[in-house]
Amino acid sequence: MSVKKMNNKMLILLLATMCIFAAGCIGDSGDDIDGGETNVSDDVISGDIPDEDISENVSEDISENVSEEMIEPRIYSITLDNYLSRPALLEINKEDTVYWNNRQNGGDRKRFTLVSEDGLWENHTINYGVPFNYTFTEEGTYNYSILGQPRMDGTVIVK
């Protein structure tokens, strides 16, 4: 009796497998010589088509996904030392933050006045060891300088 039940189960399993295989082959003529593209006109279904314009909703969804590419904000450091600004040219992304660090330690621990040539911030005095930071929110090229120190000028490019 158990052999008969086993044969029935095997037969059912075989039939189920064949049905799945056949379902995957329906509509496939096997003549795909154009790279697997199907002719849409062959698949047109006749009948009532709703008057509703769905293209507006679809394009909004697509543009939201494309335009909001998530880039994690990063933090960058510009060192003020030896009367130089390093790096003098820095490329960053929107929403990134830049810290200016005064490391001038020639015995007198000089204070520097950081100036935004583009008016992003008011002139800011940077003491030794006390950084100043700014988060860039718009694309562009922004120049900064250190008052009275022309070799310490620099540029931040925001992509």
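Here is a walk through this structure, from the overall layout down to a few residues that deserve a second look.

Keep in mind from the start that this is a predicted model. The mean pLDDT of the protein chain is 77, and 59% of its residues reach 70 or more. Over residues 28–47 the pLDDT drops below 50, and beyond near neighbours in sequence this stretch has zero contacts in the model. Where pLDDT is low, the predicted coordinates should not be read in detail.

Now for the layout. The protein chain has two helices and nine strands. Follow the sequence along and you meet them as α-α-β-β-β-β-β-β-β-β-β. Of the 159 residues in the protein chain, buried ones make up 21%. As for contacts between residues at least 6 apart in sequence, 50% of them join residues at least 24 apart.

Let's turn to the strands. Four of them form an open sheet in the order E2-E1-E4-E7, with mixed pairing. Strand E2 (84–86) and E7 stand at the edges with a single partner strand each, so one side of each has no neighbour in the sheet. From one strand to the next, the twist averages 20°. Inside this sheet, strand E1 (residues 75–81) and E2 run antiparallel and are joined by three bridges. One residue pair to look for here is Asp 81 and its bridge partner in E2, Leu 84.

More pairing turns up further along the chain. Strand E5 (residues 112–116) pairs with strand E8 (residues 140–146) in the antiparallel sense, over three bridges, and Ser 116 stands opposite Tyr 144 in E8. E8 also pairs with strand E9 (residues 149–158), again antiparallel, this time over six bridges. E8 and E9 form a hairpin with two residues between them. Ile 146 has Gln 149 in E9 as its bridge partner, and Gly 148 in the turn has a positive phi of about 80°.

What sits inside? In soluble globular proteins, nonpolar side chains tend to be buried together. In this model the largest nonpolar core has 20 residues, and Trp 100 and Phe 136 touch the most other members. E1, strand E3 (89–92), strand E4 (97–102), E5, E7, E8 and E9 each supply at least two residues of this core. Trp 100 is a good place to zoom in: leaving out residues up to four places away in sequence, its contacts include Ile 78, Leu 80, Leu 114, Pro 131, Phe 136 and Val 156.

Aromatic rings are a theme of their own here. Trp 100, Trp 121, Phe 132, Tyr 134, Phe 136, Tyr 142 and Tyr 144 form one aromatic cluster. The count of aromatic pairs comes to eight. A pair of aromatic rings is described by the distance of the centres and the angle of the planes. Take Tyr 83 and Phe 112, which are edge-to-face, at 6.2 Å centre to centre and 90° between the planes. This pair links distant parts of the chain: Tyr 83 is in the loop between E1 and E2, Phe 112 is in strand E5, and they are 29 residues apart. Tyr 83 is partly exposed, with a relative accessible area of 29%, while Phe 112 is buried at 1%. Tyr 134 and Phe 136 are another edge-to-face pair, with 4.9 Å between centres and 80° between the planes. Both Tyr 134 and Phe 136 are buried.

Finally, the loops. Most residues other than glycine have a negative phi, and most peptide bonds are trans. Against that background, Asn 82 stands out with a positive phi of about 55°. Asn 82 lies in the loop between E1 and E2 and is partly exposed, at 48% relative accessibility. Glu 95 has a positive phi too, near 75°; you'll find Glu 95 in the loop between E3 and E4, partly exposed at 40% relative accessibility. A cis peptide bond joins Arg 86 and Pro 87, with omega about -5°, and Pro 87 is in the loop between E2 and E3.

One last stop is Tyr 128, in the loop between strand E6 (124–126) and strand E7 (132–135). Tyr 128 is partly exposed, with a relative accessible area of 26%. The C-alpha atoms of Tyr 128 and Arg 103 are separated by 5.9 Å, although the two residues are 25 apart along the chain. Neighbours within four places aside, Tyr 128 is in contact with Arg 103 and also with Asn 102, Gln 104, Asn 105, Arg 109 and Lys 110.

Notes
Residues numbered from 1 in each chain as written. Heavy atoms only, no water. pLDDT = per-residue confidence, 0-100. Contact = heavy atoms within 4.5 Å. Helix = DSSP H or I, 4+ residues; strand = E, 2+ residues; numbered from the N terminus. Buried < 20%, exposed > 50% of the residue type's maximum accessible area, 1.4 Å probe, protein only. Pairing = 2+ DSSP bridges. Axes fitted to C-alpha atoms, helices over the stretch in contact; angles between N-to-C directions. Core = buried A, V, L, I, M, F, W, Y, C linked by side-chain atoms within 4.5 Å. Phe/Tyr/Trp six-rings, centres within 6.5 Å; stacked < 30°, edge-to-face > 60°.
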